[in-house]
Amino acid sequence: MPQVVQEHELHTLWGLKMRTTPENKIKVKVVALLDFYGCFHYPASASPYGIAGIPDRIGCFHRLFFGVEVKRPGGKPTALQKRCGQKIEAAGGKWFLVDGDEALEQLRSWLEEVRHEREES
């Protein structure tokens with residue numbers, strides 16, 4: 001039997017109604033932060049033609065490529081997700097694992113640092 005979902009348990013993300021899970025609450029914060037800084041970003045989705053382990057969000061900020069993997073608080077990335085993050089960083093990009101407010105602050109701090117550096121040059 002399908003579970004009944006109350007309207008207050010839903011939120012809108014990318015124009016879609018989503019359950020308010022701990023991970024989705026963090027995704028909403030990540031999207032809001034990236035939008036605030038004016039990042040180009042989009043949700044990456046796995047597909048048979050995609051890249052295994054691709055982060056939840058892919059973006060670019062002041063010509064710097066980044067990926068953001070979002071997990072519920074205390075959640076761990078899969079081996080494929082870690083490997084994809086290593087490849088991104090080996091190629092000169094930045095990879096973030098965001099599982100709560102502390103990790104979100106690290107992302108915000110990086111965005112602020114990049115913005116500050118670009119404004120000075």
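**Salt bridges, cysteines and surface charge**

Glu105 is partly exposed, with a relative accessible area of 38% (partly exposed lies between buried, under 20%, and exposed, over 50%, with a 1.4 Å probe and protein chains only). The structure is a predicted model, in which local features require pLDDT of at least 70 and side-chain atom pairs pLDDT 80 or more, whereas totals for chains, interfaces and linings use all residues. Residues are numbered from 1 along each chain as its sequence is written, and side-chain values use heavy atoms, with hydrogens and water left out.

The protein chain comprises 3 helices and 6 strands, which are DSSP runs numbered from the N terminus (helices H or I, at least four residues; strands E, at least two). Read from the N terminus, the order of the elements is β-β-α-β-β-β-α-β-α. Of the 121 residues in the chain, 36% are buried.

Across the whole structure, 5 salt bridges were found (a side-chain nitrogen of Lys or Arg within 4 Å of a carboxyl oxygen of Asp or Glu). Among them is the pair formed by Glu105 and Arg108, with an N to O distance of 2.7 Å. These two residues, Arg108 and Glu105, are 3 residues apart in helix α3, about one turn of the helix. Like Glu105, which is partly exposed at 38%, Arg108 is partly exposed, at 29% relative accessibility.

Another salt bridge links Glu23 to Lys27, whose closest N and O atoms are 3.5 Å apart. Because Glu23 and Lys27 are 4 residues apart in helix α1 (residues 22-36), about one helical turn separates them. The partners fall into separate accessibility classes: Glu23 is partly exposed at 24%, whereas Lys27 is buried at 14%. In a further salt bridge, Glu69 is paired with Lys71, the closest N and O atoms lying 3.6 Å apart. Here Glu69 is buried, with a relative accessible area of 2%, and Lys71 is likewise buried, at 13%.

No disulfide accompanies these ion pairs: the search of the whole structure returned 0 (a disulfide being a pair of cysteine sulfur atoms within 2.5 Å). The cysteine sulfur closest to that of Cys39 belongs to Cys60 and is 8.6 Å away, so the separation is too great for a bond. Cys60 is accordingly in no disulfide, its nearest cysteine sulfur being that of Cys39. Cys39 is buried, with a relative accessible area of 9%, whereas Cys60 is partly exposed, at 31%.

Positive phi values occur in the loop between β4 and β5. His62, located in this loop between β4 (57-61) and β5 (64-70), has a phi of about 50° although it is not a glycine. Arg63, placed in the loop between β4 and β5, also has a positive phi, near 70°, and is a residue other than glycine. His62 is partly exposed at 35% relative accessibility, and Arg63 is exposed at 73%.

At the surface, Glu113, Glu117, Glu119 and Glu120 form a negative patch (patch residues have over 30% relative accessible area and no salt bridge, like charges being joined within 9 Å and nonpolar side chains within 5 Å; areas come from the Shrake-Rupley method with a 1.4 Å probe). Within this patch, Glu120 is a residue of helix α3 (residues 101-120). Glu120 counts as exposed because its relative accessibility is 60%.

Key:
Lys, Arg positive; Asp, Glu negative; His and termini not counted. Charge placed at Lys NZ, Arg CZ, Asp CG, Glu CD.
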